[in-house]
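Trainee: Could you take me through one part of this model in detail? I'd like to look closely at a single ligand site and what sits around it.

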Amino acid sequence: MNAVPESAPDSQAAVTDRSAHLAGAENAVLRCDELIAGYLPGVNILNGSDLYVGDGELIGIIGPNGAGKSTLLKAMFGLVNIRSGTVLLKGEDITNMKAHSLVSRGVGYVPQTNNVFPSLTIEENLEMGAFQVPGKFKERFEFVAELFPALKERRKQRAGSLSGGERQMVAMARALMTEPSVLLLDEPSAGLSPKLQDLVFIQAQQINKAGVTVIMVEQNARRCLQICHRGYVLDQGRNAYTGTGRELAQDPKVIELYLGTLAKA
Amino acid sequence: GGSDTAAPASPTAASSSAAAPAAKGDGKLTLGTLLPQTGSLAFLGPPEFAGVDLAIKEINEAGGVLGKDVEKIHTDSGDTTTNIASQSVDSLLAQQADAIIGAASSSVSESVIDKITGAGVVHFSPANTSDKFTTIADKGLYFRTSPPDKLQGRVLGDLVVADGNDTVGIMAMQDSYGTGLADQVAKTVQDSGAEVVERVDYDPKAADFSADVAKLKAKNPKGIVLIGFEETAKVIGELIKQGLPADKHKWYMVDGNTSNTNYIKMPKGTLKGVKGTIPGAAAPDEFQKKLLEVNPDLEDFSYAPESYDAANLLALAAEAAKSDAGTDVAAKLVEVSKGGEKCKDFKACNELLKAGKDIDYDGVSGPVEFNDAGDPAVATIGIYQYGDDNKYATKALEYRTGNIAG
Amino acid sequence: MHAETTKEQKTAALAAFKDLAREPGVPKPDPILVVDNVVRRFGGLTAVEVEHVEVQRGSITALIGPNGAGKTTFFNQLTGFDTADSGQWTFNGRNMNGVPAHKVARSGMVRTFQLTKALSKLTVLENMRLGAQAQKGETFWRALVPSLWRGQEDEITERAEELLTRFKLDAKRDDFAGSLSGGQRKLLEMARALMVRPELVMLDEPMAGVNPALTQSLLGHVKDLREQGMTVLFVEHDMDMVRDISDWVIVMAQGNVIAEGPPDTIMSDSRVIDAYLGAHHDAPLSEDELEQQLHEAEEELVAENEEEAKK
Amino acid sequence: MDWTTIISTTVKAAIGVETVWYALAAIGINIHFGYTGLLNFGQSAFLAVAGYGLAVTVTVIGLPFWIGIVVGLAAAVLLALLLGIPTLRLRADYLAIVTIAAAEIVRLIFRSVAFKDVFGGSDGRRGFSDGFYALNPYPDGTYGFGWFTFNERVLWVLTIGWILVGLSCAVVYLLMKSPWGRVLKAIREDEDAVRSLGKNVFSYKMQSLILGGVIGSLGGFIYGLAYASVQPDIFGTETTFFAYTIVILGGAARVFGPVVGSMIFWVLLVLVNGVLSGAVQSGFITFMDITQVGPFRFLLVGLGLILLLVYRPQGIFGDKREIAIDAR
Amino acid sequence: MRRAVIAFTAFLGGLILLLAAPAHAADPEQSLRGTLKLQGQPVNGVKIVVTTESGQPVQEVTSNAQGAWEVPIAEPGPYKVTLDVGTLPKDVEVRGGTNVRSLTVYEGNPATALFALQAKSADGAPPGDDGASSAFWQRAAQLTFEGFNLGLIIALAALGLSLIYGTTGLTNFAHGELVTLGALIAYGFNTGIGLHLIPAAALAVIVAGGLGYSQDRFFWGQLRRRGTGIIAMMIISIGVALFLRYLFLIVFGGESDSFVQYNAQPGMQIGPISAAPKNLVAMGIELTVLVVVGIALLRTRTGKAARAVADNPALAASSGINVDRVIRIIWTMGGAIAGLAGIMLGLSQNLKFTMGQDLLLLIFAGVTLGGLGTAFGALIGSIIVGLFVQVSTLWIPPELKNVGALAVLIIVLLFRPQGILGRRERIG
Ligand SMILES: Nc1ncnc2c1ncn2[C@@H]1O[C@H](COP(=O)(O)OP(=O)(O)OP(=O)(O)O)[C@@H](O)[C@H]1O
Ligand SMILES: Nc1ncnc2c1ncn2[C@@H]1O[C@H](COP(=O)(O)OP(=O)(O)OP(=O)(O)O)[C@@H](O)[C@H]1O
Ligand SMILES: [Mg+2]
Ligand SMILES: [Mg+2]
């Protein structure tokens with residue numbers, strides 16, 4: 001595991017006590033309580049993470065590499081076995097529910113890696129995105145094609161031959177095909193050109209404005225914290241800090257440990 | 001196998017000079033079988049087991065050997081691909097088998113002959129045809145009642161020529177049985193003045209035989225000799241499809257595929273007039289009825305007579321030797337097979353033996369006379385002909401008897 | 001500019017670049033890599049069509065360009081992982097086209113992969129050790145006699161451990177590489193390439209997905225590489241990083257090199273801004289800008305909706 | 001039921017000739033598949049060329065035994081080269097099919113009528129083992145105690161066989177601990193990554209193919225010498241499949257996996273047979289007759305294989321973590 | 001010495017046999033004989049001279065009204081038989097030219113000497129090169145047809161394999177047994193219940209599909225859920241193959257058998273090809289199924305979902321695809337198609353418990369040649385394999401016909417490592 005923040009999180013943004021979580025989570029759209037999950041038998045990656053998202057909220061999750069951010073998303077989405085704890089979606093218990101049934105409940109997800117179908121064409125990839133609403137394919141396709149014009153030009157190209165950034169576009173576009181009401185994004189901006197990174201953040205914000213609840217994991221932490229309503233800092237499978245985006249972005253501890261000073265220069 | 005006198009020329013002489021371990025009979029004759037329950041020859045297993053079972057049943061009904069019932073232990077020889085014969089032999093030897101009847105495949109027999117004869121146990125195959133066994137180092141313990149291919153090949157070859165087929169095509173299964181027989185037929189046919197226009201050795205496991213038949217068809221032979229086992233039904237389907245039916249070309253078959261069960265689903269008259277040769281001095285009809293009493297599910301009867309004879313000969317040899325030890329039995333096997341009063345089953349033969357007479361067992365598969373190498377020396381071949389119902393008449397057209405070696 | 005990190009090599013590099021023309025394909029005083037007319041087409045698509053480009057020895061050169069510009073494909077051609085349709089290139093004066101990938105690496109030109117290639121069922125440490133060159137124990141016969149390679153192995157291990165600590169992977173050293181997170185894989189990929197001790201290291205988006213705090217500390221390491229005399233060529237979309245460490249920037253778009261120059265010049269180049277950086281190439285957005293952008297976007301959206309309504 | 005027989009045959013099977021030569025074949029496969037990730041389904045061809053190399057040299061050409069061994073080994077190396085040049089570029093699953101194909105070609109040629117004069121057709125060749133038994137230091141007789149006895153010939157084969165198994169294991173152990181082995185394991189995971197680190201992947205794969213093939217070919221010698229004959233059909237795909245089964249049983253990429261796997265495999269085969277036929281013979285089992293024991297045994301072997309892999313997919317020695325990494 | 005013993009024994013045996021079997025006693029020892037015929041008509045009055053090997057005359061005879069002649073031989077051994085060409089009718093000659101036959105007479109058996117007679121033709125030579133080359137082309141045409149015939153059966157079997165491989169990544173070594181299973185079920189309906197083959201086959205395909213479904217529902221699906229790796233699954237499939245194969249052996253027996261109908265159907269001549277009607281119908285069915293399934297996979301939603309699942313099951317699930325359901329559909333189809341392939345194979349060949357296993361290698365070769373996991377690849381690859389198996393016998397002995405097909409597989413992959421329709425993955 002990564003180095004633990006040496007001092008206990010004691011700055012103003014440090015909120016690891018459960019009461020705050022419980023209070024906030026009351027009417028949450030999606031909430032996780034004390035999740036424990038992992039891949040290998042006997043090794044827990046998540047060690048009791050709490051998280052909630054209110055309706056129409058945009059949540060950012062940041063943290064060092066290997067903290068368990070992706071695992072948290074996967075666990076919520078039924079792709080990693082949850083060992084204990086619960087996940088509730090609009091009050092319904094969805095712990096360990098199959099991913100495809102979550103999709104029909106309006107949850108969308110963009111994985112961090114392996115996020116396209118390599119042997120399918122771009123168009124087919126997007127078709128798969130709209131698998132449960134085939135009727136809407138045309139309309140949605142026009143929508144995402146406008147966002148990423150490169151995709152429309154190449155609609156017949158197999159995703160396996162795309163460049164890293166192009167794949168990332170396909171992955172993002174695929175998730176947008178269903179018009180989800182809750183969207184989980186795992187590092188959507190990674191590998192994209194600055195111009196497109198902007199687009200992704202703006203889009204995330206816009207989608208959110210349109211009423212979609214968004215949870216976003218980002219290593220482009222500063223940008224993420226700028227646009228999100230609230231943020232979580234995850235370390236070693238636990239929430240290390242939570243707070244509003246602005247609070248976290250200005251917390252010196254968070255800056256030192258997780259944000260770095262480079263971008264500030 | 002090679003007797004000690006015959007062996008020195010063979011390359012394995014060194015190990016054959018060792019005498020077989022001292023015999024240690026326990027008074028009870030135990031016959032082990034090493035026959036295919038699995039593998040590519042699995043279809044040969046049931047008739048062979050039935051042959052042995054029938055013989056032992058009759059032997060025990062007649063009072064057994066040395067006053068005790070003969071015990072049988074059946075094991076699986078598999079085929080060469082599965083490699084379990086050796087384990088089976090281990091278990092037979094551990095259970096004090098005095099003689100082992102098997103294996104069907106020459107290759108399997110070869111792989112275990114050292115082990116069996118090394119333990120002083122008789123190795124008796126009902127089906128091995130490879131000529132290697134004539135000279136193999138076997139300590140005088142290897143015998144076989146296998147169908148005498150050389151004679152059968154000669155008889156069949158002569159039959160083909162006598163029927164006036166001046167051009168002959170041969171379809172032979174590619175193994176030691178098929179190629180051995182095919183060689184003999186081809187030689188006879190050619191010597192007699194007819195021409196073998198095509199010979200196709202086919203892989204019996206092939207998914208289909210159309211190419212093989214097409215090759216034959218290109219030469220349009222008058223007579224077609226089919227040498228193989230039950231896969232012949234597939235070959236026949238192909239012959240008919242490609243326009244070489246039995247009413248335009250004369251077909252000939254051998255003991256491996258002259259069957260009364262394999263072709264009955266074919267349209268009436270498909271095999272009409274087809275001739276086949278089967279070793280044995282009597283129509284197998286009667287014998288097959290008896291086999292069906294032992295195993296009512298039998299569909300194929302290949303090598304059942306040879307297996308039956310093997311068990312009977314072993315029992316008689318044990319009686320003659322008054323011992324059940326492998327080496328003693330082996331020493332008497334040649335004697336009971338020839339030169340004495342003729343008898344046809346264990347009961348009759350045993351009575352003659354008890355009366356102190358020299359006997360000559362004549363089996364279902366033929367007169368079975370062993371030469372010193374443990375190979376059958378004399379045989380009778382019956383020639384049968386198929387009728388409209390795709391079965392062959394129980395009465396043979398003719399029998400031919402002769403020395404196998406020639 | 002970052003006076004505190006300016007060291008000997010850096011000054012040398014900067015000096016070398018000082019008087020160069022800011023145009024694509026400009027010759028460098030001491031190029032380690034010279035590329036001519038490399039073309040790679042996939043069906044109708046021309047992924048790479050580079051007329052001429054040179055990489056200065058001992059410098060840190062950034063290769064930037066929009067997604068699908070052909071950067072990775074370009075790397076693939078140079079390192080022997082794909083065969084170019086035409087063109088040729090020299091490394092240290094040696095002609096390298098048609099040379100198989102492993103020979104390219106051995107000659108001192110090592111690349112990392114954008115989509116990481118962790119050796120899943122080897123531990124992190126073994127992954128690292130694999131990178132070391134000229135290992136005695138890697139020839140069959142010598143491998144049979146441990147005493148012949150033990151000493152060297154220990155050295156390698158030591159070096160590997162140092163690097164791992166640097167890349168914050170030391171805690172994971174005995175875990176299977178397959179169990180690493182996305183970012184950790186990136187780190188491992190880069191650390192492993194450094195184990196080769198290449199002359200020229202070609203990093204394909206090394207920091208995408210790596211935590212910014214860690215990125216920052218690793219930049220120092222990359223600069224050290226230059227001090228050790230290594231040449232670094234890297235693809236990156238993180239402009240902060242490009243600005244911070246690169247001495248020279250090459251811009252690709254649609255397979256062509258469209259611009260070259262020092263970072264500051266490049267980032268104010270209008271073509272680059274159009275094709276690549278977009279509206280806010282500089283620094284993160286301030287709150288106001290953000291608001292404004294959002295506003296604009298919203299307006300756009302409204303306009304769109306109206307348009308749609310008209311239809 | 002005759003438990004002594006069942007136990008004695010079982011114990012003998014555990015160290016018997018089949019165990020030895022299957023173990024050698026499996027050690028070879030373990031190098032190919034377990035360590036290098038080469039899905040070589042043509043292992044039986046290596047056994048075949050070695051066995052036939054020996055047999056043909058001694059019986060057809062008439063050269064001494066030792067030259068036969070050298071020819072056999074050379075044939076295995078040559079086969080590895082011939083097989084490797086076209087196939088080592090292929091993706092794992094393609095390689096599997098191509099190697100099966102190559103092995104079948106080898107077998108079909110050995111058993112063909114066209115080459116009967118050289119290879120002996122479907123009967124194969126025999127009579128080449130005298131040179132080997134001439135070296136036998138054990139005087140004639142039986143060795144062992146009680147029911148646990150072998151004659152001098154078997155004992156000699158077993159001695160040599162187990163020495164070879166031991167040596168092969170030692171070589172595998174040393175190699176796989178070394179940087180050389182590390183490269184192989186890395187190739188198994190991702191060739192391109194290894195290539196990017198300056199290793200000649202093709203050369204290592206070829207070395208692996210040759211090494212595994214040569215060790216497998218030792219199995220071919222043991223088989224040929226123990227049975228004093230070589231026959232083509234033993235070298236079919238079944239042999240390779242069983243060897244794979246053995247590797248997985250023991251645990252892939254474990255030094256002793258193949259050896260233990262081979263012992264377990266043969267013990268199971270013999271034990272099941274013994275118990276089944278015992279039970280049928282003494283009337284405990286009535287739903288089948290004795291001639292069905294053979295097929296039933298293989299049926300149980302199939303079932304056992306399934307259950308073992310379901311409940312212990314990593315094999316006896318395997319590491320569960322490794323399996324979990326790439327679970328799909 | 002030894003020979004003497006054998007000879008004596010044989011003599012003794014023969015003697016005793018003669019005494020024992022009166023049927024044979026009537027035969028006068030051994031003889032040389034033959035019948036002379038020209039186009040089915042006996043030729044009489046032709047002189048035949050029999051001598052010993054060294055030329056000692058034995059006897060001369062002339063053929064009788066039936067064209068037959070016979071010379072009793074006292075001593076077994078090699079003899080020479082010469083036909084006196086001068087005594088042949090005008091315009092008649094012995095085919096092949098030589099009029100001497102040397103053959104061995106064995107004790108107690110007749111030996112026949114054959115002189116094939118033919119009319120002297122003007123140019124003397126029987127149909128020469130021309131006939132041979134037309135026979136060659138006719139055979140080539142027949143083999144091409146057979147290649148398609150076999151290739152389509154392989155393709156059908158391969159399609160099932162390819163579907164399952166393509167969707168789950170499982171290299172199913174038990175696929176051969178699924179092929180056998182279909183054939184045996186149809187056989188059961190056909191002979192057991194006595195249904196005509198056509199309804200029996202239809203039923204069997206449905207049952208095979210159902211079994212495919214249950215296999216996944218109760219077995220492979222459970223394994224996936226447990227996270228069993230694909231290599232482990234592959235080995236498990238070897239276990240399943242063993243299990244099923246020997247189950248078939250126990251239930252069905254080791255012999256081969258055939259369906260009640262369409263057995264040994266006579267062929268009809270279509271141009272240079274002879275084909276049984278059942279082959280043509282079967283090929284039609286096979287082609288239809290292949291094309292329909294292939295297109296369905298490319299065009300339908302489920303087909304695309306199947307390919308998506310193949311690529312990345314987790315992502316497929318994230319896209320809202322019910323992965324288990326898709327895999328189950330594929331298994332059902334795969335099972336049904338494999339069953340159909342088995343029935344077609346049984347129709348054109350015979351049924352045996354190893355029938356699928358014997359075809360498996362060719363199936364794999366076809367799938368691989370075409371490119372793993374692509375439906376049309378399986379079709380093209382299999383047909384190439386089928387063609388090579390058959391057509392290569394023009395030049396190589398038929399026993400080695402699989403060698404041709406397998407060699408072509410290796411050669412093609414040498415130039416296209418990803419198979420004919422397969423696509424290379426991008427690096428980096
Ligand atoms: N498939 C896996 N098998 C075993 N362990 C895994 C697996 N994936 C991740 N891990 C472990 O879980 C931990 C958390 O991984 P995760 O991917 O959630 O990190 P992350 O916070 O998303 O990091 P990053 O920012 O680098 O993507 C890592 O330390 C890694 O070791
Ligand atoms: N094997 C291939 N077949 C077809 N097109 C390909 C193939 N490989 C790459 N391309 C195309 O070539 C172009 C260049 O790809 P490349 O990966 O080099 O881009 P890149 O500059 O690295 O982009 P990114 O920044 O997104 O990684 C892309 O449009 C890609 O779709
Ligand atoms: Mg992550
Ligand atoms: Mg790229």
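Mentor: Here is a walk through the site of ligand 2, followed by its neighbours and then two other parts.

Keep in mind that this is a predicted model. Let's start with who is around the ligand. Ligand 2 is surrounded by 22 residues, and the closest are Arg154(A), Gly165(A), Thr72(C), Thr73(C) and Arg426(E). Those residues come from chains A, C and E, so the site is shared between chains. In terms of elements, helix H7 (164–176) of chain A, strand E2 (45–56) of chain C and H2 of chain C each give at least two residues to the shell.

Now the polar contacts. On the chain A side, an N or O atom in the side chain of Arg154(A) sits 2.5 Å from an oxygen atom of ligand 2. From chain C, Thr72(C) places a polar side-chain atom 2.5 Å from an oxygen of the ligand. Asn67(C) also takes part, with a side-chain N or O atom 2.9 Å from a ligand oxygen. As for how covered the ligand is, on its own ligand 2 has 630 Å² of accessible area, and the protein covers 92% of it.

Two of those residues lead somewhere else, so follow them in turn.

Take Thr72(C) to begin with. Which protein atoms are the donors of the magnesium ion (ligand 4)? They are OG1 of Thr72(C) and OE1 of Gln114(C), lying 1.8 to 2.1 Å from the ion. Thr72(C) belongs to helix H2 (residues 71–78) of chain C, while Gln114(C) is in the loop between strand E6 (109–111) and helix H4 (124–131) of that chain, so the pair ties together parts that are 42 residues apart in sequence. Both Thr72(C) and Gln114(C) are buried. Thr72(C) therefore has two roles in this picture: a side-chain contact to ligand 2 and, through OG1, a donor to the magnesium ion, a label that rests on a 2.8 Å cut-off.

Then go back to Asn67(C). Its side chain makes a polar contact of 3.4 Å with the side chain of His237(C). His237(C) in turn has a polar contact of 2.8 Å with the side chain of Tyr276(C). You'll find His237(C) in the loop between strand E8 (231–235) and helix H9 (239–245) of chain C. Is His237(C) buried or exposed? Buried, with a relative accessible area of 4%.

For another ligand site, look at ligand 1, which lies between chains A and C. There are 19 residues around it, and Ser70(A), Thr71(A), Lys172(C), Ser179(C) and Ser181(C) come nearest. Helix H2 (69–76) of chain A and helix H7 (182–195) of chain C each supply at least two residues of that shell. Chain A offers a backbone N or O atom of Gly66(A) at 2.8 Å from a ligand oxygen, and a side-chain N or O atom of Gln219(A) at 2.8 Å from one. From chain C, a polar side-chain atom of Ser181(C) is 2.7 Å from an oxygen of ligand 1. Ligand 1 exposes 630 Å² when taken alone, of which the protein buries 92%.

One last stop, away from the ligands: helix H4 (residues 106–118) of chain B bends by about 50° at Val112(B). Twelve of its 13 residues are buried, Val112(B) among them.

Conventions
Residues numbered from 1 in each chain as written. Chains lettered and ligands numbered in written order. Predicted model: local features only at pLDDT ≥ 70, side-chain atom pairs only at ≥ 80, totals over all residues. Heavy atoms only, no water. Donors = N, O, S within 2.8 Å, 3.2 Å for Na, K, Ca; no water. Helix = DSSP H or I, 4+ residues; strand = E, 2+ residues; numbered from the N terminus. Buried < 20%, exposed > 50% of the residue type's maximum accessible area, 1.4 Å probe, protein only. Expected span 1.5 Å × (residues − 1). Bend = angle between axes of the 7 residues up to and from the residue. Near = heavy atom within 4 Å. Polar contact = N/O pair within 3.5 Å; in protein donor to acceptor, adjacent residues only side chain to side chain. Areas by Shrake-Rupley, 256 points an atom, 1.4 Å probe, with all protein chains shown as cover.
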